[in-house]
Structures are given as C-alpha cells and as structure tokens.
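Visitor: I am new to this structure and would enjoy a close look at one part of it. Could you pick a spot and walk me through its surroundings?

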Amino acid sequence: MDWQERREGEEVKRITIEYVEPGELIPNDYNPNVHEANTFDGLLDSLRRWGFTQPIVADKETKQIIDGEHRWRCAFVLQLDEVPVVFLELTKLERMAATLAHNEARGKHCPKLREAIERDFAVEGYDLEKVLKQDQLAK
C-alpha cells in the first residue's frame, strides 16, 4: 500500500488540547525512553524558541503522562504556568503501548525497561509487538 493511500475504515480521532498547570501531571513509572543531557538542552532551546509544538499526552483519570515527559520536565525548568495536554482515556496496558509507540517513533529505549513492559503484556496474555502494529489490544 502506498503511504498516501487511506485504508478502508481508517479514521483519525480528533483531539482537544487543554492547558493545565505542569504540577497537575505525573510521570509514569514505566517509560523506557532515555535522554542525553545535550538532547534535553536542545529540547529546552526548542521550547524557548518555538514553544510547545507538540502537546503532552496524558491519561484523563490518572493524569499520568503517556508521551511528553521530557517536555513536561522542561516546563518546570522554564517555569511555565501551563502546558498543552491531550487527555486520553486508556487502560494501563493501552497507556504503556501508547508510550512505547510514541517513543519508538523517535527515540531510544532502555532495553531492561522495554523488556519489563513486554513481560507485563505477556502476563496479561498479549503480544506487545502485535499490539504496537495493530494499535489495539488483541491477544
């Protein structure tokens, strides 16, 4: 399939961006993404220059960050009063899968933490690779 072709039945969800105080959000305890000091400084510079071009993604109920923990940490360094957030309603496994999918699109993982997430999925009867490819929790 050509990358420009739309798959039948494929629909992209419309998002709503809300602005909240950074202190309302909490990091997750399973994120295997790692950042070097120089890339964090680069992110700070980018936020100073262009602002938030990508909102933070968090769970609506738990306020746990799904994607954007480093942007969230930058918000404290920059002493921002509010940050843009897209809230989703997901189960814990869906949050974990979403974190991995976002991270794998642009970063590196700590192998031990990635393996721990794979084990969590296996215990629940899921194949993580299938979940990431299908964007659904299918056994």
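Guide: Happily! Let us start at Lys63, which is found in the loop between E2 and E3. Please keep in mind that this is a predicted model.

The backbone of Lys63 is a good thing to look at first. Its phi is near 65°, a positive value in a residue other than glycine. Is Lys63 buried, partly exposed or exposed? With a relative accessibility of 27%, Lys63 counts as partly exposed, because buried means under 20% and exposed means over 50%. Now follow the side chain to its tip: the charged end of Lys63 sits over the ring of Phe87, and the distance to the ring centre is 5.2 Å.

From this loop, step along to strand E3, which covers residues 65-67 and includes Asp67. Asp67 counts as buried, at 6% relative accessibility. The side chain of Asp67 is joined to that of Arg71 by a polar contact of 3.3 Å. Arg71 brings us to helix H2, where it is one of the buried residues, along with Glu69, His70, Trp72, Cys74 and Ala75. What do the buried residues of H2 pack against? Their partners are helix H1 (37-50), strand E2 (56-59), E3 and strand E4 (83-88). E2 and E3, the two strands on either side of the Lys63 loop, are thus both among these partners.

While we are in H2, have a look at the aromatic rings. The structure holds two aromatic pairs. In one of them, the ring centres of Trp72 and Phe76 are 5.1 Å apart and the planes stand at 90°, so this pair is edge-to-face. Trp72 and Phe76 are four residues apart in helix H2 (residues 69-77), so about one helical turn separates them. Trp72 is buried, with a relative accessible area of 8%, whereas Phe76 is partly exposed at 43%. The other pair is made by Phe121 and Tyr126: their ring centres lie 6.5 Å apart and their planes are at 75°, so it is edge-to-face too. Here Phe121 is buried at 0% relative accessibility, and Tyr126 is buried with a relative accessible area of 19%.

Just after H2 comes Gln79, placed in the loop between H2 and E4. Like Lys63, with its positive phi, Gln79 has a positive phi, in this case about 55°, although it is not a glycine. Is Gln79 buried or exposed? It counts as exposed, because its relative accessibility of 66% is over 50%.

To place this corner in the wider picture, here is the overall layout. The protein chain has five helices and four strands, and along the sequence they follow the pattern β-α-β-β-α-β-α-α-α. Of its 139 residues, 35% are buried. Among contacts between residues at least 6 apart in sequence, 77% join residues at least 24 apart. The accessible surface of the chain comes to about 9,600 Å², and 47% of that belongs to carbon and sulfur atoms.

One more helix is worth a visit before you go on. Helix H3 (residues 92-104) has 13 residues and reaches 18 Å from its first C-alpha to its last, close to the 18 Å expected. Its buried residues are Leu93, Arg95, Met96, Ala97, Ala98, Thr99, Leu100 and Asn103.

Key. Residues are numbered from 1 along each chain as its sequence is written. This is a predicted model: local features need pLDDT of at least 70, side-chain atom pairs count only at pLDDT 80 or more; totals for chains, interfaces and linings use all residues. Side-chain values use heavy atoms; hydrogens and water are left out. Buried means under 20% relative accessible area, exposed over 50%, partly exposed in between (1.4 Å probe, protein chains only). Contact means heavy atoms within 4.5 Å. Accessible areas come from the Shrake-Rupley method with a 1.4 Å probe; for residues, only the protein chains shown count as cover. The expected span of a helix is 1.5 Å times one less than its number of residues. Rings of Phe, Tyr and Trp (its six-membered ring) pair if their centres lie within 6.5 Å; planes under 30 degrees apart count as stacked, over 60 as edge-to-face and the rest as tilted. A charge sits over a ring if NZ of Lys or CZ of Arg is within 6 Å of the ring centre and within 35 degrees of the ring normal. A polar contact is a pair of N or O atoms within 3.5 Å; within protein, one must be able to donate a hydrogen and the other to accept it, and residues adjacent in sequence count only if both atoms are side-chain atoms.
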